[in-house]
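Visitor: I'd love a close look at one part of this protein, namely its salt bridges and the places where they sit. Could you take me through them slowly, and then show me what surrounds them?

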Amino acid sequence: MTAFTSTVETPIGPFTAVVAADGAVLASGWTAELDDLLPQVSPSLRPDAVAPRRDLGAVTRAVRAYHAGELAAIDDVPVRQRSGAFLERAWEVLRSVPAGKPVSYTEYALLAGRPAAVRAAATACARNAATLFVPCHRVVRTGGAVGGFRWGPDVKRWLLDHEQR
């Protein structure tokens, strides 16, 4: 399978997406390096080849619109990730956390249906390949501290602040 990639400049740095031929996001994040993204894609979904494109259509429009303040622009972009049942459910749940209303890791575990699985919920965030479209940045530590984020705490803080406007 051939996937397509494009990088867009954003206020917090370059944002790259890797998209399947049908438009589903396989991986994304605030980087210009494919090597930062492809290892995060499940082996069963990893493309054989990745071709650059200047524009990825709906995905590129959503990235630009989100960063310009249209927070709901990312909501309907299709995403494809594979793992075990809990992680896949947890990623679905992340897409339901509203912009501007972050949840704690404990609340996230509860929403995902396993209230005692706080570490598993944190793992779901850490293994999320489709950052932004599966908004793991909306999960914070109890008390509101930013917590970890693959793209760094400054990016996570910017996203949280952006969604509070």
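Guide: Happy to! Let's begin with Asp 22, which has a relative accessibility of 54% and therefore counts as exposed, since the cut-off for that label is over 50%. Please keep in mind as we go that this is a predicted model. The side chain of Asp 22 forms a salt bridge with that of Arg 80, with 2.5 Å between N and O. Asp 22 belongs to the loop between β2 and β3, while Arg 80 belongs to the loop between α1 and α2, so this bridge joins distant parts of the chain, 58 residues apart. Arg 80 has a relative accessible area of 23% and is therefore partly exposed.

This is one of four salt bridges in the structure. Another of them pairs Arg 138 with Glu 163, and here the closest N and O atoms are 2.9 Å apart. Arg 138 sits in the loop between α4 and β6 and Glu 163 sits in helix α5, so the bridge ties together parts of the chain that are 25 residues apart in sequence. What about accessibility: is Arg 138 buried or exposed? With a relative accessibility of 3%, Arg 138 counts as buried. Glu 163 is buried too, as its relative accessible area is 5%. The threshold for calling a residue buried is under 20%.

Staying with helix α5, we find a salt bridge between the side chains of Arg 157 and Asp 161, at 3.3 Å from N to O. These two residues are four places apart in α5, so about one helical turn separates them. Arg 157 is partly exposed at 33% relative accessibility, and Asp 161 is partly exposed at 35%.

The geometry of α5 itself can be checked. The helix covers residues 153-164, twelve in number, and at 1.5 Å a residue it should span 16 Å; the C-alpha atoms at its ends are 17 Å apart, so the two figures agree. Its buried residues are Val 155, Lys 156, Trp 158, Leu 159, Leu 160, His 162 and Glu 163. The cover over these residues includes α1 (58-67), α3 (105-111) and β6 (139-140).

From β6 we can step across to Ser 104, which lies in strand β5 (residues 103-104). Beyond its neighbours within four places in sequence, Ser 104 contacts Val 139, Val 140, Arg 141 and Thr 142. Its relative accessible area is 11%, so Ser 104 is buried.

Now for the wider setting. The largest nonpolar core has 51 residues, and those touching the most other members are Trp 30, Val 59, Leu 94, Tyr 108 and Phe 133. Elements giving two or more residues to this core are β1 (2-10), β2 (13-19), β3 (25-29), α1, α2 (85-94), α3, α4 (118-126) and α5. The largest share, six residues, is supplied by α2.

Phe 133 deserves a pause. Setting aside residues up to four places away in sequence, it touches Phe 15, Val 25, Ser 28, Val 59, Ala 62, Val 63, Ile 74, Val 77, Val 79 and Arg 95. Ala 130, in the loop between α4 and β6, has 0% relative accessibility and therefore counts as buried. With the same sequence neighbours left out, Ala 130 touches Val 25, Ala 27, Ser 28, Val 79 and Gln 81.

Finally, consider how α2 meets α4. Two packed helices are described by the angle between their axes and the distance between those axes. For α2 and α4, the angle is about 75° and the axes are 9 Å apart. That angle makes α2 roughly perpendicular to α4, because the range for that label is 65 to 115 degrees. At this meeting place, Phe 86, Leu 87, Ala 90, Trp 91 and Leu 94 of α2 come up against Ala 120, Ala 121, Thr 123, Ala 124 and Cys 125 of α4.

Notes: Residues numbered from 1 in each chain as written. Predicted model: local features only at pLDDT ≥ 70, side-chain atom pairs only at ≥ 80, totals over all residues. Heavy atoms only, no water. Buried < 20%, exposed > 50% of the residue type's maximum accessible area, 1.4 Å probe, protein only. Contact = heavy atoms within 4.5 Å. Expected span 1.5 Å × (residues − 1). Core = buried A, V, L, I, M, F, W, Y, C linked by side-chain atoms within 4.5 Å. Axes fitted to C-alpha atoms, helices over the stretch in contact; angles between N-to-C directions. Parallel < 35°, antiparallel > 145°, perpendicular 65-115°, else oblique.
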